[in-house]
Amino acid sequence: MKLFFFRHRFYCLPFIIIWAALSFLQLLFTQNYIILHVNYFWSPFADHFFKWITFVGDGAFILIAGLLASLYSYRLSVKIIVSYAITGIFVQFLKRMVFTEIYRPPKVLSALLPQLHKVDGVDLYYFNSFPSGHTTAAFALFTILALECKSPILKILLLLPPLLVAYSRMYLLAHFLGDVYLGAFLGISFSVIIYFYLNQFWQSQSNPRLGGGLMKYL
């Protein structure tokens, strides 16, 4: 496992640094203060950008990515779909069974809601805030892709999309920092474990049909 983390340090190490910095930030400021600060810095471009980038963490996007991956690699497709399924089930369990009384920003900040900036066309929700499902799903997907690629630069760049999804959830008043903070940790943790053990399993298999993807039949 140590060798595994060293091989993928260009993705894992930046994440650990960012996650540690956000840990420190949450020690200094309250969740309400952070979300209000995010809400204060808005622009028409950011409204449009984050309104659409947030869909990168949507289940439909993840499943489409998994199906497209099957064109080139069955194994990559399985890793994407399995990581999304397991993290999704776990997050929904936490939301609906464990942290049922943790509310979203519009409910917690209901007294200030009329003064807050809201993005046109984005529905506001009030319940099932913790943790962020979109953030978890985005980190699950891009962690699998980062672990799969060999380029150190590409590994670092693949950290950017899930970070943008995480920020979009706060920008759109869907989640607090604590929600996306745990979501990111769950997404990357589950995906690393799934990727590692699926590779261990497939190394013991000799079935040639497990290699390649659908493109070899076209």
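**Group meeting talk: aromatic pairs, a buried lysine and a few odd backbone spots**

Hi everyone. Let me start at one spot: Phe-4, Phe-5, Tyr-195, Phe-196 and Tyr-197 come together as one aromatic cluster. Before I go on, please keep in mind that this is a predicted model.

So, how many aromatic pairs does a search of the whole structure find? The search turns up 18 aromatic pairs. One of them is the pair of Phe-4 and Phe-5, which is edge-to-face, with 5.8 Å centre to centre and 90° between the planes. These two neighbours have their own surroundings: Phe-4 is buried, at a relative accessible area of 6%, while Phe-5 counts as partly exposed, at 39%.

Another pair I'd like you to find is Phe-99 with Phe-130. This pair is also edge-to-face, with 4.7 Å centre to centre and 90° between the planes. It links distant parts of the chain, because Phe-99 sits in the loop between helix H6 (74–98) and helix H7 (105–108), Phe-130 sits in the loop between H7 and helix H8 (133–148), and the two are 31 residues apart. Are these rings buried or exposed? Phe-99 is partly exposed, at 27% relative accessibility, and Phe-130 is buried, at 16%.

Stay with Phe-130 for a moment, please. A cis peptide bond joins Phe-130 to Pro-131, with omega at about -5°. Pro-131 belongs to the loop between H7 and H8. That loop also holds Asn-128, which has a positive phi of about 55° even though it is not a glycine. And Leu-113 is in the loop between H7 and H8 as well. Leu-113 is buried, with 14% relative accessibility. If you want a distance to try on your own screen, take the C-alpha atoms of Leu-113 and Val-38: they are separated by 14 Å, and the residues are 75 apart along the chain.

There is a further positive phi elsewhere. Leu-173 has a phi of about 60°, and it is not a glycine either. You will find Leu-173 in the loop between helix H10 (160–171) and helix H11 (177–203). Leu-173 counts as buried, at 2% relative accessibility.

Now for the charged residues. Side chains of opposite charge can pair when their charged atoms come close. How many salt bridges does the structure hold? It holds one salt bridge. The partners are Glu-148 and Lys-79, and their closest N and O atoms are 3.2 Å apart. Why is this pair worth a look on the fold? Glu-148 lies in helix H8 and Lys-79 in helix H6, so the salt bridge ties together parts that are 69 residues apart in sequence.

Is Lys-79 buried or exposed? Lys-79 is buried, because its relative accessible area is 3% and the cut-off for buried is under 20%. Glu-148, on the other hand, is partly exposed, at 29%. The lysine has another polar partner too: the side chain of Lys-79 makes a polar contact with the side chain of Asn-199, at 2.8 Å. So if you click on Lys-79, bring up Glu-148 and Asn-199 together with it.

Positive charges also turn up over aromatic rings. The charged end of Arg-9 sits over the ring of Phe-6, 4.1 Å from the ring centre. Lys-107 lies over the face of Tyr-103, at 5.2 Å from the centre of that ring.

Last stop, the surface. Which residues form a nonpolar patch there? They are Phe-24, Leu-27, Leu-28, Phe-29 and Tyr-33, and together they have about 570 Å² of accessible area. Helix H2 (residues 9–28) gives the most to this patch, with three residues. Tyr-33 comes from helix H3 (residues 31–40) and is partly exposed, with a relative accessible area of 46%.

To pull it together, here is a short viewing list:

- the aromatic cluster that includes Phe-4 and Tyr-195;
- the cis peptide bond between Phe-130 and Pro-131;
- the salt bridge of Glu-148 with Lys-79;
- the nonpolar surface patch, with Phe-24 and Tyr-33 among its members.

Thanks for listening, and I'm happy to take questions.

Key:
Residues numbered from 1 in each chain as written. Predicted model: local features only at pLDDT ≥ 70, side-chain atom pairs only at ≥ 80, totals over all residues. Heavy atoms only, no water. Phe/Tyr/Trp six-rings, centres within 6.5 Å; stacked < 30°, edge-to-face > 60°. Buried < 20%, exposed > 50% of the residue type's maximum accessible area, 1.4 Å probe, protein only. Helix = DSSP H or I, 4+ residues; strand = E, 2+ residues; numbered from the N terminus. Lys NZ or Arg CZ within 6 Å of the ring centre and 35° of its normal. Patch = residues over 30% accessible without salt bridge, like charges linked within 9 Å, V, L, I, M, F, W, Y side chains within 5 Å. Areas by Shrake-Rupley, 256 points an atom, 1.4 Å probe, with all protein chains shown as cover. Salt bridge = Lys/Arg side-chain N within 4 Å of Asp/Glu carboxyl O. Polar contact = N/O pair within 3.5 Å; in protein donor to acceptor, adjacent residues only side chain to side chain.
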